[in-house]
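Let's walk through this model together, going from the domains of one chain to the contact between chains and then to the core.

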Amino acid sequence: MSTLARSAPRAGTPEKRRGSRRTGSAGSVAWMAIPALVVFTAFGLIPLFGVLGLSFTQWDGIGAIHPDGLNSWRAVLSDPGLPHTLFVTFLVMVLSWAVQTPASILIGVFLAGQERYRAFLAIMFFIPVLLSSAAIAITFKALLDPNFGLGAGLHIDFLSQDWLGVDKLALGVIIFVVSWQFIPFHSLIYQGAVRQIPKSMYESSEIEGAGRIRQFWSITLPQLKYTIVTSSTLMVVGSLTFFDLIFVMTAGGPGDATRVLALDMYSTGFQANLMGPASAIAMILVLVGLALALLLRRVGGGGSTDSQLEGA
Amino acid sequence: MADTLTTPVEHRPEVRPKKRRNQRRHGRNWLAGFGGWIWLFIVVLPIYWIVVTSLKTQANYYATNPLALPTSPTLSNYQLVIKSDFAGYFINSVIVTVGTIVPTLLISFMAAFAIVRGSSLFLRSVNWLFLMGLAIPLQATIIPVYLIIIKLKLYDSLLAIILPSIAFAIPLSVLVLSNFIRDVPKELFESMRVDGASEWTTMIRLALPLTRPALVTVAVYNGLGVWNGFLLPLILTQSPSKRTLPLALWTFQGQYGVNVPAVLASVVLTTLPILVLYAIGRRQLLSGLTAGFSK
């Protein structure tokens with residue numbers, strides 16, 4: 001307070017002072033944003049426009065790039081595989097969200113309790129987050145192998161199915177493994193959020209005789225609204241980039257049962273060497289991601305990401 | 001927010017009233033506890049299986065119960081993995097991770113500081129740009145990134161992985177850091193200014209120490225992402241000498257696919273460094289990872 005009083009006379013009226021300080025500091029700090037801006041522009045922004053540009057060209061990944069008009073788009077949009085790929089991407093997104101969200105909320109609420117055994121469980125629960133998708137994919141691929149895996153070794157017929165060789169089973173396995181990998185992270189987010197719900201809310205509802213289930217529905221869940229939006233945004237936009245897990249586990253197979261957009265982009269571009277169509281697919285990926293993020297923002301009441309990440 | 005960060009996760013002050021509540025509903029907590037142990041089983045079973053199997057010989061693995069402890073534990077699988085140059089891949093991963101995180105922290109912090117302190121149109125546009133960057137799945141830009149890396153003659157180098165990794169990490173880092181810098185009381189900035197400190201000094205001496213927890217968040221979150229990254233090394237490198245661990249795992253699995261114990265030993269070895277770090281800095285890691293997300 002004393003500093004403010006001391007500086008006030010020098011800069012005139014309070015209003016003027018604020019104005020001059022702001023512009024004064026802006027001039028001398030703006031340069032600090034430049035390094036981040038340059039790197040982000042070079043490897044984030046320019047590539048983003050590059051995707052659009054390359055989708056109107058023909059390029060095999062090595063040789064020269066030739067303009068090719070709308071041919072790539074025509075090829076991609078008329079590809080009979082595209083609706084299927086979009087459908088699988090959508091299915092993975094929705095199912096993994098539907099499995100992860102309730103489980104993460106329940107585990108998060110559970111871990112928010114203070115008992116010692118819960119603290120121990122929290123330590124163990126978190127381990128999957130630390131593993132790479134490649135390691136997880138390799139582990140489950142070996143674990144579920146019908147001949148050499150866990151089921152075969154234990155002689156349990158149910159477990160020794162050809163998990164990754166049957167369309168529906170493979171998709172189910174992907175959903176399960178995605179959930180195994182990401183539920184820990186999201187339940188940790190929920191744990192933190194649950195602990196910030198004021199204790200007084202529970203105490204007063206207890207006086208009114210509300211049971212635990214009632215409290216969950218009428219206090220915990222409404223209070224978690226913004227956290228649900230944040231977590232769902234991360235899940236949904238993140239599900240578009242489940243490349244490594246699916247690539248290592250099934251490579252899109254059997255057939256094209258688990259071929260999601262990101263995988264389609266990779267195999268079109270880097271295996272079939274058709275960078276033009278691959279860029280068109282990437283553009284679809286960008287647009288889907290952007291649309292989903294904006295949609296979830298609207299659902300969350302606008303600006304949810306900011307308000308969520310903003311400090312208390 | 002700052003409170004969440006500095007208070008270790010397990011030792012919150014409100015233990016007592018909570019206990020009382022829990023005792024009142026003994027029956028319900030039984031169910032929750034049961035669910036908790038079930039989930040523990042689901043999480044731990046694959047991990048237990050990896051470790052146990054990695055200690056068996058291939059013959060032993062096919063002959064015995066897959067969940068039984070090895071009758072004669074062997075480290076031969078680990079020897080095979082180490083002989084396949086995993087030390088080199090490990091060093092590559094360390095270089096890429098450290099080489100990404102240190103510059104990311106530095107330039108993101110500078111940008112966040114500028115965005116909070118300044119108000120010019122330029123800085124507001126930069127902030128808007130980074131916010132947009134959050135909504136875009138940046139992996140979708142991999143083809144132009146590949147083209148740029150080739151044009152810069154960086155293809156098949158560790159720098160080829162590092163540069164895009166920094167760019168992909170910037171939006172979230174700036175957002176988290178700027179939200180923390182915004183929490184620093186305006187009076188402190190003002191008194192620094194009156195004392196004649198430059199903006200740079202203010203950043204280093206005032207903002208940096210006060211937002212250290214946020215820096216941990218950003219470092220841990222991005223560090224895990226880069227250490228475990230697969231797509232960028234897959235596309236931007238080629239020669240075995242430039243492989244990072246996740247990519248090495250994948251090629252090793254392709255080579256020794258039938259030798260399940262050896263493949264699992266490679267999984268254990270690549271995960272071990274992270275698990276050791278987790279054991280040492282668990283509290284920092286757990287609170288750091290989520291502080292930026294749960295409010």
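Start inside chain B of this predicted model, where eight residues of domain 1 of chain B are in contact with seven residues of domain 2 of chain B. On the domain 1 side of that contact, the elements giving two or more residues are H3 and helix H4 (58-63) of chain B. H3(B) gives the most to this side, with four residues. By type, the side of domain 1 of chain B that touches domain 2 of chain B divides into three nonpolar, four polar and one charged. As for the bounds, domain 1 of chain B covers 32-74 and domain 2 covers 78-289. Taken over C-alpha atoms, the centres of these two domains of chain B are separated by 33 Å.

Now turn to where the two chains meet. Chain B brings 98 residues to the contact and chain A brings 89 residues. Helix H3 (residues 26-54) of chain B supplies the largest share of the chain B side, 12 residues. That side of chain B, the one touching chain A, is made up of 62 nonpolar, 21 polar and 15 charged residues.

Next comes the core. The largest nonpolar core has 156 residues, and those with the most contacts inside it include Ala33(A), Leu285(A), Ala111(B) and Phe113(B). Helix H9 (residues 158-181) of chain B gives the most to this core, with 17 residues. Because domain 1 (32-74) and domain 2 (78-289) of chain B both give residues to this core, it lies between them.

To look at one residue of this core, pick Leu285(A). Leaving aside neighbours within four places in sequence, Leu285(A) is in contact with Leu240(A), Leu261(A), Ala262(A) and Met265(A), and also with Pro137(B) and Ala140(B).

Note on methods:
Residues numbered from 1 in each chain as written. Chains lettered and ligands numbered in written order. Predicted model: local features only at pLDDT ≥ 70, side-chain atom pairs only at ≥ 80, totals over all residues. Core = buried A, V, L, I, M, F, W, Y, C linked by C-beta atoms within 7 Å. Buried ≥ 20, exposed ≤ 12 C-beta atoms within 10 Å, placed from the backbone. Domains from an automatic or database assignment. Contact = placed C-beta atoms within 7 Å. Nonpolar A, V, L, I, M, F, W, Y, C, P; charged D, E, K, R; others polar.
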